[in-house]
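Colleague: Could you take one part of this model and go through it slowly, with the cut-offs behind each term? I would like a single connected account rather than a list.

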Amino acid sequence: MNPLLIGPLLEIGKSIISKVWPDPTAQAEAQLKLLQLQQAGEFKELEANLQLMLAQTDINKAEAQSASNFRGGWRPFIGWVCGFGLAYQFLIRPLANGVFSYLGHGMPMPDLDTSTLMALITGMLGFGGLRTFEKSKGMA
């Protein structure tokens, strides 16, 4: 494991432990288990995931700085598509169906399956939340 990551990982673990277990005895036991996991080499998978996230963040930064709309414009495009999909499903379709029903038009507007759309939006908003966290910690 990268020695530079061990300290921050242990500090994060200790911070979580202090919030979850207010009892000092339970905190000490949990911290002991955390140190045992570290000594047993259980943090290797976590380190690999962190390195993958950092690499993806670097790729995202490079794409965002690109002058090409083909590389840098796909995220805003996906955001607009998701926004339009939500607007259609939760605003336009119900209002239009109400108007059509009032006018005696028998065919409602088609329903949109939002399961895939919500997964995409959640992922995009999650990256936005990570960015906000980075800014609040002064890393941006």
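**A helix and the loop after it**

Modeller: Leu-95 is exposed, with a relative accessible area of 61%, where exposed means over 50%, buried under 20% and partly exposed in between, for a 1.4 Å probe and protein chains only. The model is a predicted one, in which local features need pLDDT of at least 70 and side-chain atom pairs count only at pLDDT 80 or more, while totals for chains, interfaces and linings use all residues. Residues are numbered from 1 along each chain as its sequence is written, and side-chain values use heavy atoms, leaving out hydrogens and water.

Leu-95 lies in helix H5 (helices are DSSP runs of H or I with at least four residues, numbered from the N terminus). Together with Phe-84, Phe-90, Leu-91 and Ile-92, Leu-95 forms a nonpolar surface patch with about 550 Å² of accessible area; such patches join nonpolar side chains within 5 Å, taking residues with over 30% relative accessible area and no salt bridge, and the areas come from the Shrake-Rupley method with a 1.4 Å probe.

Other residues of H5 are buried, namely Cys-82, Gly-85, Tyr-88, Gln-89, Arg-93, Ala-96 and Asn-97. Tyr-88 is also the centre of a kink of about 45° in H5, the bend at a residue being the angle between axes fitted to the seven residues ending there and the seven starting there. Just after H5, Gly-104 has a positive phi of about 85°.

Beyond that glycine, Asp-111 sits in the loop between H5 and H6, and its relative accessibility of 57% makes Asp-111 count as exposed. Setting aside neighbours within four places in sequence, Asp-111 is in contact (heavy atoms within 4.5 Å) with Gln-89 and Arg-93. The side chains of Asp-111 and Gln-89 are joined by a polar contact of 2.6 Å, a term for N or O atoms within 3.5 Å of which one must be able to donate a hydrogen and the other to accept it.

With Arg-93, Asp-111 forms a salt bridge whose closest N and O atoms are 3.4 Å apart (a side-chain nitrogen of Lys or Arg within 4 Å of a carboxyl oxygen of Asp or Glu). This pair links distant parts of the chain, since Arg-93 belongs to H5 (residues 74-103) and Asp-111 to the loop before H6 (115-136), 18 residues apart, and their C-alpha atoms are separated by 7.7 Å. Arg-93, at 17% relative accessibility, counts as buried, whereas Asp-111 counts as exposed. A search of the whole structure finds 1 salt bridge.

Terms used. Helices (H or I, at least four residues) and strands (E, at least two) are DSSP runs, numbered from the N terminus. Patches are made of residues with over 30% relative accessible area and no salt bridge: like charges are joined within 9 Å, nonpolar side chains (Val, Leu, Ile, Met, Phe, Trp, Tyr) within 5 Å.
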